[in-house]
Amino acid sequence: GQYNLQSVRDDIERQVKEMAYMIFLSNAVAKVQQGHLDIAKQNLQEMKAKYKEGLSSNLDVLSQQVNVSNIEPLVIQADNNYELGTLYLKQLLNKDPEDNIYLTWNDFAAIKDPKPLEELYSLADGRPDLVLSKLNVDIAGQYVAVARAGNFPSLSAFGSKYYNAQTNSGLPGANDYYWTSTVGLRVSMPLFEGFRVKAQVTQKELAYESARQDYEDLQRSVRISIKSSWLSFYEAKKRMGSGGTVIEQSKQNLESMRKRYRAGLVSRLELDDATVALTNAQLQYVQAVHDALVALADLKFNVGSEVIK
């Protein structure tokens with residue numbers, strides 16, 4: 001019961017963490033989309049100014065207005081996803097929808113790496129479900145030993161002592177009482193139980209092999225889950241590293257494109273492409289952070305203990 005309770009607690013912890021990380025992702029996406037909208041509006045003002053000066057066509061202004069209108073629903077949707085995520089977290093925590101929940105975030109750029117893979121494999125041996133499965137194997141092995149014991153003779157000792165009295169007439173007198181003692185050994189041979197015992201042994205041996213196979217399958221499944229989460233974390237961590245560089249490059253490219261657009265050296269489409277490139281880089285970065293955090297939560301659940309170095 002204690003192991004089952006621990007498994008449920010570990011699963012609830014994982015669900016709460018992953019829901020919190022989903023809220024973080026929704027909040028970050030909302031901020032990125034809001035930034036995208038702000039840049040699009042700034043570009044619209046640039047185009048209106050150029051149109052008044054006769055340096056740009058009305059088509060550029062209209063196209064950018066449509067672009068702004070298309071971005072606004074994305075911002076609304078991202079804000080709504082954030083609110084829905086918070087609502088689902090309250091449900092998971094058994095709270096009222098109007099209760100306040102305050103989430104604080106650490107410096108995600110300093111996410112620590114997990115322990116080496118082999119060490120994580122060793123730690124996983126203490127997982128509650130693995131311990132339970134191993135206990136089932138041990139119990140099944142004991143049942144086999146008990147069943148095999150039916151093939152052996154049983155030896156038992158017995159003894160008794162009685163205080164008796166006998167008389168041919170009336171109640172026995174004081175001189176008629178005497179002690180009687182009996183002791184001995186009893187041997188029982190299962191001469192006609194062989195087939196029944198053999199069938200029982202075969203049944204218990206099959207149950208033991210099934211329990212052992214289940215334990216080995218669970219071990220392999222746990223190791224696969226651990227390595228999968230471990231690989232997912234480092235893949236996301238690499239995306240975080242490259243994503244930060246891409247964001248800085250995209251910002252520089254957008255600023256350069258804006259200056260060149262003012263000088264009439266690039267078109268509106270090229271300016272929009274630079275804006276979209278920055279937005280995509282930011283979205284990919286926050287997605288990488290989310291994936292790394294979820295991978296760590298999954299890794300801790302799969303190992304059953306703390307995994308950070």
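Trainee: How far apart are the end C-alpha atoms of helix α4?

Mentor: Start with the definition: helices are DSSP runs of H or I, at least four residues, and strands are E runs of at least two, numbered from the N terminus. The expected span is 1.5 Å times one less than the number of residues. Helix α4 (residues 128-148) has 21 residues, so it should span 30 Å. The model agrees, because its end C-alpha atoms are 31 Å apart.

Trainee: What kind of model is this?

Mentor: Residues are numbered from 1 along each chain as its sequence is written, and side-chain values use heavy atoms, with hydrogens and water left out. Local features need pLDDT of at least 70, side-chain atom pairs count only at pLDDT 80 or more, and totals for chains, interfaces and linings use all residues, since this is a predicted model.

Trainee: What distance does α1 reach from its first C-alpha to its last?

Mentor: Use the 1.5 Å a residue rule again. α1 has 51 residues, with 75 Å expected. From first C-alpha to last, α1 reaches 75 Å.

Trainee: Which residue with a positive phi follows α2?

Mentor: α2 has 35 residues and reaches 52 Å, close to the 51 Å expected. After α2 comes a residue with phi near 60°. That residue is N94.

Trainee: Which residues have the most contacts inside the largest nonpolar core?

Mentor: A nonpolar core is a set of buried Ala, Val, Leu, Ile, Met, Phe, Trp, Tyr and Cys residues joined through side-chain atoms within 4.5 Å. Buried means under 20% relative accessible area, exposed over 50%, and partly exposed in between (1.4 Å probe, protein chains only). The largest core has 18 residues. Those with the most contacts inside it are L254 and L271.

Trainee: Which helix gives the most to this core?

Mentor: At least two core residues come from each of α1 (2-52), α2 (58-92), α5 (194-262) and α6 (268-303). One helix gives five residues, the most to this core. That helix is α1.

Trainee: What does L254 touch, leaving out residues up to four places away in sequence?

Mentor: Contact means heavy atoms within 4.5 Å. By that rule, L254 touches I39, L271, A274, T275 and L278.

Trainee: R258 is buried, so which side chain of opposite charge is nearest to it?

Mentor: Lys and Arg count as positive, Asp and Glu as negative; His and the chain ends are not counted. A salt bridge needs a side-chain nitrogen of Lys or Arg within 4 Å of a carboxyl oxygen of Asp or Glu. R258 has no salt bridge, and the nearest opposite charge is 4.1 Å away. That side chain is E255.

Trainee: Which side chain makes a polar contact with the side chain of R258?

Mentor: A polar contact is a pair of N or O atoms within 3.5 Å; within protein, one must be able to donate a hydrogen and the other to accept it, and residues adjacent in sequence count only if both atoms are side-chain atoms. R258 lies in helix α5. The polar contact of its side chain has a distance of 3.4 Å. The partner is Q42.

Trainee: Which residue in α2 forms a salt bridge with R268?

Mentor: R268 lies in helix α6 and is buried, with a relative accessible area of 13%. Its salt bridge to α2 has an N to O distance of 3.7 Å. The pair ties together parts that are 208 residues apart in sequence. The partner is D60.

Trainee: How far apart are the closest N and O atoms of D272 and R268?

Mentor: D272 and R268 both lie in helix α6, four residues apart, about one turn. D272 counts as buried, at 10% relative accessibility. In their salt bridge, the closest N and O atoms are apart by 2.5 Å.

Trainee: Is D10 buried or exposed?

Mentor: D10 lies in helix α1. Leaving aside neighbours within four places in sequence, D10 is in contact with P128 and F301. Its relative accessibility is 13%, so D10 counts as buried.
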